[in-house]
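Colleague: I would like to learn how to read helix packing and sheet order from a model. Please take it feature by feature.

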Amino acid sequence: MATLPNPLPMLTSDSSGAALGLQLPPGRLLDVTDEGPWHEPLLWLADGRAKPGAWAALTPARRTAGLLPVVVDAGGRHGGPQDWELMPDEMSYPGDHDADEVLAELWDEYAAGETQEEWPGLAGAPASAADSVDPEAVAADIADSVIENGSLLEDPRLALVPARRSADIPAAIGWTGPVNHEGDTARLCAVLRSWEDRFGIRVVALGFDHLLVSVAFPPDTLAEAEAVAAEHFAFCPDNILQSHETNIRAYAEIRLLNQPAWHFWWD
């Protein structure tokens with residue numbers, strides 16, 4: 001996978017991040033993968049449970065060091081990122097893939113048999129995308145909500161990842177949460193990039209096999225939501241096949257219409 005220069009090694013001798021213009025809480029660098037130690041750190045992980053406002057406090061990391069924040073689950077039956085069987089060597093580069101082609105392939109493999117319909121193509125950006133909403137501010141709000149609520153992540157910790165854009169975070173650390181659906185997470189990150197462009201999403205939280213994104217410009221009509229729901233079906237069939245909303249229309253109305261966050265889980 002093509003990557004930017006990784007500033008994380010600088011934290012080895014400067015744990016506060018002062019040299020990078022940061023004031024980090026106590027934390028550690030993780031380089032653990034399924035095949036042994038990676039040749040450089042994959043992420044910085046805070047030692048303590050995240051508190052509201054912690055995401056916003058890491059905003060300078062994006063500007064000064066090219067490090068992007070994400071909330072990760074360091075607890076639960078699967079443990080933290082060091083236990084997740086990360087496989088960065090198996091990841092391609094998200095920019096090498098076309099979101100429409102990726103979703104069309106996944107639709108034909110997983111969704112077409114359920115819906116008996118052809119792949120409808122990518123949904124258009126909602127009219128609200130023209131509004132002056134700051135996707136970073138929405139992401140900070142969703143991160144605070146996840147941290148305060150405590151139901152999605154058992155032990156939410158702030159992490160920093162060297163990545164070109166938020167959509168690339170899962171592939172940048174070699175995350176294999178969707179492996180039973182898609183072995184190369186970078187292909188799904190190509191879809192996340194497209195959602196960044198159309199809906200202002202940001203990758204906010206990662207668990208062993210689930211992902212939460214904030215949505216600055218969610219669909220605000222049922223027709224728009226249904227078009228996006230088709231993309232979700234291809235991206236993560238379990239969201240529909242293993243939920244109470246067992247058809248695209250119900251899923252669109254309940255999970256997508258005017259919703260500021262999308263959650264995905266792979267069995």
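Modeller: What follows goes through the sheet, then the helix pairs, then one residue.

Colleague: What kind of model is this, and which residues count?

Modeller: This is a predicted model, in which local features need pLDDT of at least 70 and side-chain atom pairs count only at pLDDT 80 or more, while totals for chains, interfaces and linings use all residues. Residues are numbered from 1 along each chain as its sequence is written, and side-chain values use heavy atoms, with hydrogens and water left out.

Colleague: What is the order of the strands in the sheet?

Modeller: Two strands pair if DSSP finds at least two bridges between them. Helices (H or I, at least four residues) and strands (E, at least two) are DSSP runs, numbered from the N terminus. Here seven strands form an open sheet with mixed pairing, in the order β1-β4-β6-β5-β7-β8-β9. The edges are β1 (27-30) and β9 (261-265), each with a single partner strand, so one side of each has no neighbour in the sheet.

Colleague: How many bridges join β5 to β7?

Modeller: Two bridges join β5 (residues 67-73) to β7 (residues 201-206), and these strands run parallel. V71 has A205 as its bridge partner in β7.

Colleague: Which helix lies across β5 and β7?

Modeller: Helix α4 (residues 135-149) does; it also lies across β6 (156-162), β8 (210-215) and β9, and runs at about 135° to β8. Contact means heavy atoms within 4.5 Å.

Colleague: How is a pair of packed helices described?

Modeller: Two packed helices are described by the angle between their axes and the distance between the axes. Axes are lines fitted to C-alpha atoms, for helices over the stretch in contact, and angles run from 0 to 180 degrees between N-to-C directions. Angles under 35 degrees count as roughly parallel, over 145 as roughly antiparallel, 65 to 115 as roughly perpendicular and the rest as oblique. Helix α3 (residues 99-115) and helix α6 (residues 185-199) pack at about 125°, with axes 8 Å apart. α3 and α6 are therefore oblique to each other.

Colleague: Which residues of α3 and α6 meet?

Modeller: A99, V102, L103, E105 and L106 in α3 meet R187, L188, A190, V191 and S194 in α6. By class, this contact of α3 with α6 has seven nonpolar, one polar and two charged residues. The classes are nonpolar (Ala, Val, Leu, Ile, Met, Phe, Trp, Tyr, Cys and Pro), charged (Asp, Glu, Lys and Arg) and polar (the others, Gly among them).

Colleague: At what angle do α3 and α7 pack?

Modeller: The angle is about 100°, with the axes of α3 and α7 8 Å apart. α3 and α7 are therefore roughly perpendicular to each other. Among the residues that meet are L103 and W107 in α3 and A230 and F233 in α7.

Colleague: How many aromatic pairs does the structure hold?

Modeller: Rings of Phe, Tyr and Trp (its six-membered ring) pair if their centres lie within 6.5 Å; planes under 30 degrees apart count as stacked, over 60 as edge-to-face and the rest as tilted. The structure holds 10 aromatic pairs. One of them, W107 with F233, is edge-to-face, at 6.0 Å centre to centre and 75° between the planes. W107 lies in α3 and F233 in helix α7 (residues 222-235), so the pair ties together parts 126 residues apart in sequence.

Colleague: Which residues does E114 touch?

Modeller: Not counting residues up to four places away in sequence, E114 touches F233 and L241. E114 is in helix α3.
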